[in-house]
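Reader: Hello! I am new to this structure and would love a close look at one part of it, with its surroundings. Could you choose a good place and walk me through it slowly?

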Amino acid sequence: MARRRVVVTGLGVLAPNGNDPVAYWDALTNGRSGIGPITRFDTTGQKVTIAGEVKGFDPESCLDRKEVRRNDAFVQYGVHAATQAFADAGLDMDRLRSERVGVIFGSGIGGIATLEDQHSVLSERGPGRLSPFFVPMIISDMSAGMISIKLGARGPNYTTVSACASAAHAIGEAGRKIQYGDADVMVTGGTEAAVTPLSVAGFAAARALSVRNDEPRRASRPFDADRAGFVLGEGAGALVLEEYEHARRRGADIYGEFRGLGFTADAYHITDMAPQGEGGARAMRLALEDARLDPGAIGYVNAHGTSTVVGDPQETAALKGVFGDRAQGLAVSSTKSMTGHLLGAAGAVESIACLLALKHGVLPPTINYETPDPACDLDYVANEAREVQVDGVMNNSFGFGGHNAALVFTRAA
């Protein structure tokens, strides 16, 4: 069966350093971090007191007051980004076949803030005082469900849950739905709202987080020799994927073309990557094969690059394995240096960074890259954005459990 072409026609962002694509891109290209002291809760007794929090967000901009009370923040974030992307695409559901419009949205953790709150209610006031909306507020699929309700999208609808690869898996799955004729338009991406006492304490207990509390904007430092763990972030990213002819007929503006995906498993360890990033390397090769492109077609990689001692060298090794001699001249950056790690939403906001790099001919930097590490010796677009016109980009997302996802986008010819 011949595959249909898929293009990106709409973007929506809610990130620690920008509440829409324009603000987010301006922050990325100017090296502005959204990481700071946690304000969401009292951090007394917490080992980690910094995070990339969403700022200035009004959930009533996308939901009515009753809906806000009945939906966890991760759903609110997702609806905000998705409705923003749908509007950016210039789509009107009244002019579409709603059963041909779908939603696939990722979330690694779901409604953990609600879970923590309602557990306190249960412990302090008893089971009779639990919210009747407790269950729908915590389940991860409610982001996709609520987005479809708000948009009126009646096509394929579900949520992908694969830790930090959740959004990348969602985007790839959505692309496939269009390629093989199951939908004409897909709203996809990921959302996460895990800056909570339990999440922060849990990741800190796993020794995954940076404890550079006194210098929050310098704490996330992917590939730098002095990195010491990631910084937790939150937010959402949404993309509108559309069948090429469908988009062309209505004169849509196109950010880029979705070309390929590569999904693999490490089958190795619950948190560590396989040696030399073997599973991630296979995902990248599969994405290139799926896109029918040679490695030389990729001019920029938005790396998973979490700022962990073990993970960054593994990804560097994987990139060398895939791109060979050309790896030394390949532009690679981690925008997590400015947003923190958005977990299940990371693959979405980072794919958006890739698409905006394609559109504007500017590569976002890895900030806080100060001390080279011999094990991380690629071109990480250190500290300042770079004006370079590229025609092909790749986004990497790797999740706990050994889940690997690589996505390829190109300029639409």
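Author: Let us begin with a word that will come up often: a residue counts as exposed when its relative accessible area is over 50%, and as buried when that area is under 20%. Please also keep in mind that this is a predicted model.

A friendly place to try the word out is the loop between strand 8 and helix 10, where Gln276 is found. Gln276 has a relative accessibility of 54%, which is why it counts as exposed. Its phi is near 60°, a positive value in a residue that is not glycine. Ala267 lies in that loop too, between strand 8 (256-265) and helix 10 (278-291). Ala267 counts as exposed because its relative accessibility is 78%. Its phi is positive as well, near 50°, again in a residue other than glycine.

Strand 8 now leads us to the part I would like to show you closely, the sheet. Ten strands make up this open sheet, in the order 5-4-6-7-1-8-14-13-9-10, with mixed pairing. Strand 5 (157-160) and strand 10 (331-333) are at the edges; each has a single partner strand, so one side of each has no neighbour in the sheet. From one strand to the next, the twist averages 25°. Strands of a sheet pair through backbone hydrogen bonds, and they may be parallel or antiparallel.

We can start walking at the edge formed by strand 5. Strand 4 (residues 101-106) runs parallel to strand 5, and four bridges join them. If you would like a spot to find by eye, look for Phe105, which stands opposite Thr159 in strand 5.

Further along comes strand 7 (residues 235-243), where nine of the nine residues are buried. In a regular strand, side chains alternate between the two faces of the sheet. Here, Gly235, Gly237, Leu239, Leu241 and Glu243 point one way, while Ala236, Ala238, Val240 and Glu242 point the other way, and all are buried. Strand 7 has strand 6 (residues 185-192) as an antiparallel partner, with eight bridges between them. One place to see this pairing is Met186, opposite Leu241 in strand 7. Strand 1 (residues 6-14) also pairs with strand 7 in the antiparallel sense, again over eight bridges. There, Val6 stands opposite Glu243.

Next, let us follow strand 8 to its partner, strand 14. Strand 8 and strand 14 are antiparallel and share eight bridges. Phe258 has Phe409 of strand 14 as its bridge partner. Strand 14 is mostly covered, with seven of its eight residues buried. Strand 13 joins strand 14 through eight bridges as well, and these two run antiparallel. Met394 stands opposite Val408 in strand 14. Strand 13 and strand 14 form a hairpin with three residues between them, and Gly401 in the turn has a positive phi of about 100°.

The hairpin strands also help to line a pocket. The largest pocket has a volume of about 590 Å³. It is lined by 37 residues, and those closest to its centre are Phe230, Thr271, Thr306, Thr308 and Phe400. Helix 11 (311-323), strand 13 (392-399) and strand 14 (403-410) are the elements that give two or more residues to this lining. Helix 11 gives the largest share, four residues. By class, the lining has 14 nonpolar, 17 polar and six charged residues.

The second largest pocket holds about 150 Å³ of space. Its lining includes Arg40, Tyr77, Glu116 and Glu234. Helix 3 (73-88) and helix 4 (112-125) each supply at least two of the lining residues. By class, this lining has seven nonpolar, one polar and three charged residues.

One last stop concerns the cysteines. A search of the whole structure finds zero disulfides. For Cys164, the nearest cysteine sulfur is that of Cys354, 17 Å away. For Cys376, the nearest cysteine sulfur is that of Cys164, 18 Å away. Cys164 counts as buried because its relative accessibility is 10%, and Cys376 is buried with a relative accessible area of 0%.

Conventions. Residues numbered from 1 in each chain as written. Predicted model: local features only at pLDDT ≥ 70, side-chain atom pairs only at ≥ 80, totals over all residues. Heavy atoms only, no water. Disulfide = S-S within 2.5 Å. Buried < 20%, exposed > 50% of the residue type's maximum accessible area, 1.4 Å probe, protein only. 1 Å grid on protein atoms, 1.4 Å probe; cavity = no way out; pocket = protein on both sides within 12 Å on 5 of 7 lines; lining within 4 Å. Points joined across faces, edges and corners; volume = space filled by probe spheres on them. Nonpolar A, V, L, I, M, F, W, Y, C, P; charged D, E, K, R; others polar. Pairing = 2+ DSSP bridges. Axes fitted to C-alpha atoms, helices over the stretch in contact; angles between N-to-C directions.
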